[in-house]
Amino acid sequence: MTLGLLILQFVGLVALVLAAWFVGKRRLGFRWASLGWGTLAFPLSQVARFALVIPLQFLLSKTFDPATATALTTTLFLVTSGLFEETARWIVLRFWDKNTREWNDGVGFGLGHGGIEALLLFTNLFAGNIMLLTSGDAIKAQATGNDDPATAQAIAEQIEALQNIGMGMIAASWYERALAIAAHVVFTLIVLRAVRERRWQLWALAVACHIGFNAVAVLVAPHSVPVMYLLLTALTAAGLWATIDGPLSHKTFARTTPTNPLENETPAP
């Protein structure tokens, strides 16, 4: 039963992403190339991000006590998530994807970015969960044998959570990814305006919004999952309003003139 639910979770997520891509393409008419550039921007940002984060995480673990190191590592992951992803978006849009300048193509870019993130995250989650189900007891025994009771306890708790997984949790995971994909569309349109109008302040706004969105998920969830979903829904709704009828709408993009993509700009932020 558990294995079937995990397969359903993964297949459902793939269906969600593909539906967002193909329905979005049909309704908005964005270029497939824009979506493709979006799918490239996310892994590029993560390669650069983890090249910095992993050595710093190791340094923090060796320098501070466990509680302080955990707090600093969490802060590091939150800050770098927005900084690296939005900077990668800016670089790709500014220097490589010079044909994505219109609102609909920006939406396609965001769907690509958010969609590939969801696929990669759920692929990793699916593989890890299958490993826990099939080899969890052996991994826990090895941790116990290595005199690492904390790790053994954590593995035991993860296995128990997997064994108690239900459709409610599966649906919640889909909903969380749908919110995240929508948020990536909003962040992309902010960065696209930054590129079109040569305004680095909009890039900084996208970074701040991205960090804030992730902070809600990371910091609120341990205390109250329903409150986390409520806040993420409210933030996403505000972003969608801005995208449909606000400062990131098609009408707003139509009123501004994009810069010449072949023209030199000020240095990247």
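Rings of Phe, Tyr and Trp (for Trp, the six-membered ring) are treated as a pair if their centres lie within 6.5 Å; planes under 30 degrees apart count as stacked, over 60 as edge-to-face, and the rest as tilted. On this basis Phe22, Phe30 and Trp32 form one aromatic cluster. The structure is a predicted model, in which local features need pLDDT of at least 70 and side-chain atom pairs count only at pLDDT 80 or more, while totals for chains, interfaces and linings use all residues. Residues are numbered from 1 along each chain as its sequence is written, and side-chain values use heavy atoms, with hydrogens and water left out.

The protein chain contains nine helices and zero strands, where helices (H or I, at least four residues) and strands (E, at least two) are DSSP runs numbered from the N terminus. The order of elements from the N terminus is accordingly α-α-α-α-α-α-α-α-α. Of the 269 residues in the protein chain, 42% are buried; buried means under 20% relative accessible area, exposed over 50%, and partly exposed in between (1.4 Å probe, protein chains only). Contact is defined as heavy atoms within 4.5 Å. Among contacts in the protein chain between residues at least 6 apart in sequence, 76% join residues at least 24 apart.

A nonpolar core is a set of buried Ala, Val, Leu, Ile, Met, Phe, Trp, Tyr and Cys residues joined through side-chain atoms within 4.5 Å. The largest nonpolar core holds 34 residues, and Val17, Leu111 and Leu189 touch the most other members. Two or more residues of this core come from each of H1, H2, H3, H4, H6 and H7, with H6 giving the most, nine residues. A second, separate core has nine residues, including Val220, Met228, Tyr229 and Leu232. With neighbours within four places in sequence left aside, Val17 is in contact with Gly115, Ala118, Leu119 and Ile181.

In total, eight aromatic pairs are counted by the ring rule. The pair of Phe10 and Phe126 is stacked, because the ring centres are 5.3 Å apart and the planes lie at 25°. Phe10 is in helix H1 and Phe126 in helix H4, 116 residues apart, and the pair thus links distant parts of the chain. Both rings belong to partly exposed residues, with relative accessibility of 22% for Phe10 and 25% for Phe126. Trp90 and Phe95 form an edge-to-face pair, at 5.9 Å centre to centre and with 70° between the planes. Within this pair Trp90 is buried, at 5% relative accessibility, whereas Phe95 is partly exposed at 40%.

The largest pocket encloses about 1300 Å³ of space. For this analysis a 1 Å grid was laid over the protein atoms alone; a cavity is a set of points where a 1.4 Å probe fits but cannot get out, a pocket is an open set with protein on both sides within 12 Å along at least five of seven lines, and lining residues have an atom within 4 Å of a point. Grid points are joined across faces, edges and corners, and a volume is the space filled by probe spheres set on the points. The lining of the largest pocket comprises 41 residues, of which Leu121, Leu125, Glu176, Arg177 and Ala217 lie nearest its centre. At least two lining residues are supplied by each of H1 (2-28), H2 (32-63), H3 (66-96), H4 (103-145), H5 (149-163), H6 (167-197), H7 (200-220) and H8 (225-245). H6 gives the most to this lining, with nine residues. By class, the lining has 25 nonpolar, 11 polar and five charged residues, where Ala, Val, Leu, Ile, Met, Phe, Trp, Tyr, Cys and Pro count as nonpolar, Asp, Glu, Lys and Arg as charged, and the others, Gly among them, as polar.

Arg177 is found in helix H6 and is buried, at 9% relative accessibility. Apart from neighbours within four places in sequence, Arg177 is in contact with Leu13, Glu117, Ala118, Leu121 and Phe122. Arg177 and Leu13 are 164 residues apart in sequence, yet their C-alpha atoms are 8.1 Å apart in space.

Leu240 is placed in helix H8 and is partly exposed, with a relative accessible area of 36%. Outside the neighbours within four places in sequence, Leu240 is in contact with Ala182 and Val186. The C-alpha atoms of Leu240 and Val186 are separated by 7.0 Å, with their positions 54 residues apart along the chain.
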